[in-house]
Amino acid sequence: MFYLTFYNVPAVKSEDGLDYLGNWCVGVTEAEPGHSKPANIKEGTVGVAKLDAVGYILVPKSVTKMSWEMLSVKNRVVNAYVDSHVIDFDAFKNAKYMKNIFIYDPKCEICAGSQTIPANYIDVGNDSIISHQERKEPPYSYFYRTLIEDPKADADEKINDTVIHGFKGSTAEVYAEMYGIKFMNIEQSGDVNADGEFNVADLVMMSRYIYGMTTFEERQIASADLNGDGNVDIFDMVEFRKKILESLRD
C-alpha cells in the first residue's frame with residue numbers, strides 16, 4: 001500500500017494523531033507540514049499502510065497485515081513495540097535509526113529476510129529524533145520497492161547494533177540468530193519501561209507498582225520478576241538494587 005495513498009481522502013478519520021480508513025491505519029496526521037508523531041496504533045486495527053512516524057511505533061495484537069516497507073524512507077523511528085504475532089517481510093526495512101524492537105508474542109511469525117529487521121542502526125548521538133532534511137537520503141519512488149541498502153553513517157555518526165528484545169526460545173530469538181542480530185531476553189530483564197536500558201527509571205516504576213501507585217501489563221510483570229518466583233514484590237526490588245549497583249561498577 002503506497003505512502004500518501006489516502007492523503008486528504010474524505011473517508012479517512014483522524015484519531016490521536018493517526019489516520020484510519022475502516023480498520024486500517026493509513027498514515028500519521030501532521031499537525032503542520034513536516035511534523036510527524038509517534039505511531040501509537042489503536043487495538044482493533046488489522047492492517048497498517050506505509051507510515052512516516054517519529055520516535056516510536058506500537059503495533060497492537062490485532063494487526064495481521066503490514067504494507068511492504070511499512071516505515072517510509074522518511075521515518076525517524078527509534079523503538080518499535082510489537083504485540084502482533086506477525087512481522088511482514090521488509091516492514092521495518094527503512095528503520096535506519098531503530099535501536100530496539102520489542103516482540104512480545106512468544107509465538108510470533110517473522111517473515112525471513114535479512115532486511116525484515118535491520119541488523120544495524122545509525123547512531124546520531126543525543127539527536128536521535130532527526131530532521132529528514134538534515135540527512136542524505138537516497139532518491140526513492142512510491143511505485144516500486146527501494147533497493148536494499150546497509151546503513152551508511154556520516155562523519156558525525158556511527159553504526160551500532162539493533163537489538164531484538166523477545167522471549168528466550170521464541171522465533172524472535174531464532175530469527176536474530178539466523179541473521180546475526182543482537183538478541184536480549186525480555187523476561188527478567190528489569191527493563192520495565194521498555195526503553196532498551198536498565199536504570200533508575202525502571203527502579204522508580206517498580207517502586208510505584210509495589211506501592212500500588214501504578215499498574216503493570218503482562219510483559220512488564222515478566223520483566224520485573226527478577227527472582228523468577230512468579231510474583232513482583234519487595235524481593236525483586238532487592239534484586240533491582242543489586243543489578244543497578246553492578247551496572248555502576250561496570
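# Exercises on a predicted chain

The accessible surface of the chain comes to about 13,000 Å², and carbon and sulfur atoms account for 53% of that area. The model is predicted.

## Exercise 1. Confidence

Task: Decide which stretch of the chain to read with caution, and which elements mark the ends of the confidence range.

Solution.
- Start with the whole chain. Its mean pLDDT is 82. Residues at 70 or more make up 83%.
- Go to the elements. The chain has 4 helices and 15 strands. Among these elements, strand β5 (residues 47-48) has the highest mean pLDDT, 96. Helix α4 (residues 234-249) has the lowest, 83.
- Now find the weak stretch. Over residues 131-136, pLDDT stays under 50. The model still gives this stretch 11 contacts beyond four places in sequence.
- Apply the general rule. Predicted coordinates should not be read in detail where pLDDT is low.

## Exercise 2. Cores

Task: Find the largest nonpolar core and say which elements supply it with at least two residues each.

Solution.
- Take burial first. Of the 250 residues in the chain, 45% count as buried.
- The largest nonpolar core holds 33 residues. Those with the most contacts inside it are Ile41, Ile57, Phe92, Ile101, Ile103, Ile117 and Ile164.
- Trace the elements. Strands β2 (18-21), β3 (24-28), β6 (54-59), β8 (76-82) and β10 (100-103) each give this core at least two residues. Helix α1 (171-178) does too.
- Centre the view on Phe92. Leaving out residues up to four places away in sequence, Phe92 touches Ile57, Met70, Leu71, Ala80, Val82, Ile87, Met98, Ile101, Gln115, Thr116 and Pro118.
- Look for a second core. Another one, of 10 residues, lies apart from the largest. Its members include Phe216, Ala224, Phe240 and Ile244.
- Check sequence range. Take contacts between residues at least 6 apart in sequence: 44% of them join residues at least 24 apart.

## Exercise 3. Cysteines

Task: Count the disulfides, then classify Cys25 and Cys111 as buried, partly exposed or exposed.

Solution.
- A disulfide needs two cysteine sulfur atoms within 2.5 Å. The count is 0.
- Cys25 has 0% relative accessibility, so it is buried.
- Cys111 has 31% relative accessibility, so it is partly exposed.

## Exercise 4. A charged side chain in a loop

Task: Locate Glu69, classify its exposure and find a polar partner for its side chain.

Solution.
- Glu69 sits in the loop between β7 (65-66) and β8.
- Its relative accessibility is 0%, so Glu69 counts as buried.
- The Glu69 side chain makes a polar contact with the side chain of Lys50, at 3.4 Å.

## Exercise 5. Positive phi

Task: Asp16 and Asp90 have a positive phi. Place each in its loop and classify its exposure.

Solution.
- Recall the background. Most residues other than glycine have a negative phi.
- Asp16 has a phi of about 50°. Its loop runs between β1 (13-15) and β2. With a relative accessible area of 75%, Asp16 is exposed.
- Asp90 has a phi of about 55°. Its loop runs between β9 (86-87) and β10. With a relative accessible area of 2%, Asp90 is buried.

## Exercise 6. A loop threonine

Task: Locate Thr214, classify its exposure and list its contacts beyond four places in sequence.

Solution.
- Thr214 lies between α2 (200-210) and α3 (218-224), in the loop.
- Its relative accessible area is 28%, so Thr214 is partly exposed.
- Beyond neighbours within four places in sequence, Thr214 contacts Met205, Arg208 and Tyr209.

How values were computed
Residues are numbered from 1 along each chain as its sequence is written. This is a predicted model: local features need pLDDT of at least 70, side-chain atom pairs count only at pLDDT 80 or more; totals for chains, interfaces and linings use all residues. Side-chain values use heavy atoms; hydrogens and water are left out. pLDDT is the predictor's confidence in each residue, from 0 to 100. Contact means heavy atoms within 4.5 Å. Buried means under 20% relative accessible area, exposed over 50%, partly exposed in between (1.4 Å probe, protein chains only). A nonpolar core is a set of buried Ala, Val, Leu, Ile, Met, Phe, Trp, Tyr and Cys residues joined through side-chain atoms within 4.5 Å. Accessible areas come from the Shrake-Rupley method with a 1.4 Å probe; for residues, only the protein chains shown count as cover. A polar contact is a pair of N or O atoms within 3.5 Å; within protein, one must be able to donate a hydrogen and the other to accept it, and residues adjacent in sequence count only if both atoms are side-chain atoms.
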